[in-house]
Amino acid sequence: FAVDSLAVFDESNTLKELIALNKSVVSPLLTRHQRMWSNFWGAIGPDGFYGRSRDYNDIVERSKIGVWNVPLISVAILFNGDWLQRNSDNLPQYHSREYDPDMAFCQWMRDNGHFMYVSNLHEYGHLISPDNYETHHLHNDLYNIFENRLEWEQKYLHENYSRNTDPDTQLLQPCTDVYWFPLVSSSYTKEIIEELEHYGKWSNGDYDDPRLDGGYENVPTRDIHMNQIEFEKQWLDILVTYIVPLQIKVYPGYYSTGRALMNFVVKYNPKGQPNLRPHHDSATFTINIALTQPGTDHEGGGCRFIRQNCSVIDTKLGWALMHPGRLTHYHEGLPTTKGTRYIMVSFVDP
């Protein structure tokens, strides 16, 4: 069974199921998540390269199910041992001046009259995309949400996130019109903090802030903006994909576009900035994610909503608070008395 590193098997019985097909050479259908890119070709063009077949989409989308004789397979290929022994004097070749190894192998198979098959009888797994993978960050997988969303979600989305979208699930409301829900995993919180500390250029918490248009911050914090660590594009996608649907659920009649110009992580500790004075946020609504755990990483901290006379102090790792930013929810950051507390903040629809 020849398997490339791009293959991910979600079906644990893939090998047994392929063996049961009793084919000389067969591949399981693998596709990139929610894309038409797969590990087989349905046809070959006149130049020997890819050609689209009439039933390619049907096979990839599994609207037609079966074991299909195709001109090219790759990434994961099962060879029948008896077939290899019978052809031991003329084994498949992978070398060509014209083609890459996969194409050279499949051309050799076609030229020598050997059939190749792809099976979509089961959902065997999927393909990882190496395209646009950045390697200059401390945690490169954290940035890889666009090309490999399935892997990203499995690693970085909170294990209970999907419950938020259940129509019968009511999001927790610790204070009036303040909603609380699981969003990101402990891997996300750990790696984003490490990414920030690796970058290391925390603001000094002064009112003068050259990062901002106008150069002035009315309510300054010691922070790093997401665009400083090249994560703003990814964060805005997280905002639109995973947070905006929940905003629409709990604040009916308002449909956010997920526009946010201020996206940053604040660092609180007793020796630096322990707390934040009462203020409104320049946002229609605010997202505040706990990146650390009270009692483990720090003591103290939390958010107090002054008009509501309500505080959220027992914050949960990876959980987000969502609350109105202006007019009704005047709030303050409570003092961190020990350790270091990190929160990720986004001012949405300013």
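In this predicted model, strand 18 (285–290) and strand 22 (319–324) each supply at least two residues of the lining of the largest cavity, and strand 18 gives the most to that lining, with 3 residues. The lining as a whole consists of W180, N288, I289, A290, C303, V312, T315, K316, W319, L321 and R341, which divide into 7 nonpolar, 2 polar and 2 charged residues.

A search of the whole structure finds 2 cavities of 30 Å³ or more, set out below.

| Cavity | Volume | Lining by class |
|---|---|---|
| Largest | about 60 Å³ | 7 nonpolar, 2 polar, 2 charged |
| Second largest | about 30 Å³ | 2 nonpolar, 2 polar, 4 charged |

The second largest cavity is lined by R32, H33, L127, E147, N148, R149, L150 and E151, and helix 5 gives the most to this lining, with 3 residues.

Helix 5 (residues 149–156) also meets helix 8 (residues 232–250), their axes coming within 14 Å and crossing at roughly 80°, which makes helix 5 roughly perpendicular to helix 8. R149, W152 and E153 of helix 5 make this contact with D237, I238, T241 and Y242 of helix 8, and the residues of the contact divide into 3 nonpolar, 1 polar and 3 charged.

Elsewhere, 5 strands form an open sheet of mixed pairing in the order 1-10-3-11-8, with strand 1 (2–3) and strand 8 (67–69) as the edge strands, each pairing on one side only. Within this sheet, strand 3 (residues 25–28) and strand 10 (residues 76–79) run antiparallel and are joined by 2 bridges, with V26 standing opposite L78 in strand 10. Helix 1 (residues 14–21) lies across strand 3, strand 8, strand 10 and strand 11 (117–119), running at about 145° to strand 3.

How values were computed: Residues are numbered from 1 along each chain as its sequence is written. This is a predicted model: local features need pLDDT of at least 70, side-chain atom pairs count only at pLDDT 80 or more; totals for chains, interfaces and linings use all residues. Side-chain values use heavy atoms; hydrogens and water are left out. Axes are lines fitted to C-alpha atoms, for helices over the stretch in contact, and angles run from 0 to 180 degrees between N-to-C directions. Helices (H or I, at least four residues) and strands (E, at least two) are DSSP runs, numbered from the N terminus. Angles under 35 degrees count as roughly parallel, over 145 as roughly antiparallel, 65 to 115 as roughly perpendicular and the rest as oblique. Contact means heavy atoms within 4.5 Å. Ala, Val, Leu, Ile, Met, Phe, Trp, Tyr, Cys and Pro count as nonpolar, Asp, Glu, Lys and Arg as charged, and the others, Gly among them, as polar. Two strands pair if DSSP finds at least two bridges between them. On a 1 Å grid over the protein atoms alone, a cavity is a set of points where a 1.4 Å probe fits but cannot get out, and a pocket is an open set with protein on both sides within 12 Å along at least five of seven lines; lining residues have an atom within 4 Å of a point. Grid points are joined across faces, edges and corners, and a volume is the space filled by probe spheres set on the points.
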